[in-house]
Amino acid sequence: MKIWVDADACPVVIKEILFRAAERTKITTTLVANQFLRTPASAYIKTMQVPGGFDVADNKIVLELEAGDLVITADIPLAAQVVEKGGHALNPRGELYTTSNIKERLAMRNLMEELRGSRVVINGPSAFNHSDRQAFAAALDRFIAKVHKFQG
């Protein structure tokens, strides 16, 4: 298993949690972005810079992804592609997207986008906070423990 990170919009605190997890678990973690990223020196942490453009990083992640890999993203359409390809997707707030919930999340995202486009709803998600960081760290730890249990 590898971890892929949709890194352009990933909060710094989430990246830091991922860096520590990569070192602790020895799982290769690759950050994909259209900009240069600074990362700690590690055999387990890699970066992949892609050209700018709509969904370029997303498309690269889907191309490189193998079944069983984990993708960290808040992008629900990307999460849907990951799940469809046999991967797992975890958002920075700790929600794991699965075959049983991704269609509902995608439909809700599309509805909210439509409502925002018609100015019915103008608010986006709430600000990222300490509880979100804790939820992410706990969800990541649970996922890794579950995978290691099945691999070991």
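Of the 152 residues in the protein, 36% are buried, and here "buried" stands for under 20% relative accessible area. Keep in mind as you look around that this is a predicted model. Turning to the outside, the accessible surface of the protein amounts to about 8800 Å², and carbon and sulfur atoms hold 54% of that surface.

Now for the fold itself. You can pick out 5 helices and 6 strands in the protein. Starting at the N terminus and following the chain, you meet the elements in the order β-α-β-β-α-β-α-β-β-α-α. It also helps to ask how far along the chain the touching residues lie from one another. Among contacts in the protein with a separation of 6 or more, 50% link residues that are 24 or more positions apart.

With that layout in mind, let's visit one spot on the model, the second largest pocket. This pocket has a volume of about 240 Å³, and 14 residues line it. If you would like to find its centre on screen, look for H88, L96, T98, F143 and K146, the lining residues that lie nearest to it.

Which elements supply at least two residues each to this lining? They are β5 (88-90), β6 (96-97) and α5 (130-151). The largest share comes from α5, which gives 6 residues to the lining of the second largest pocket.

As for the chemical character of that lining, 8 of its residues are nonpolar, 4 are polar and 2 are charged.

Methods
Residues are numbered from 1 along each chain as its sequence is written. This is a predicted model: local features need pLDDT of at least 70, side-chain atom pairs count only at pLDDT 80 or more; totals for chains, interfaces and linings use all residues. Side-chain values use heavy atoms; hydrogens and water are left out. On a 1 Å grid over the protein atoms alone, a cavity is a set of points where a 1.4 Å probe fits but cannot get out, and a pocket is an open set with protein on both sides within 12 Å along at least five of seven lines; lining residues have an atom within 4 Å of a point. Grid points are joined across faces, edges and corners, and a volume is the space filled by probe spheres set on the points. Helices (H or I, at least four residues) and strands (E, at least two) are DSSP runs, numbered from the N terminus. Ala, Val, Leu, Ile, Met, Phe, Trp, Tyr, Cys and Pro count as nonpolar, Asp, Glu, Lys and Arg as charged, and the others, Gly among them, as polar. Buried means under 20% relative accessible area, exposed over 50%, partly exposed in between (1.4 Å probe, protein chains only). Contact means heavy atoms within 4.5 Å. Accessible areas come from the Shrake-Rupley method with a 1.4 Å probe; for residues, only the protein chains shown count as cover.
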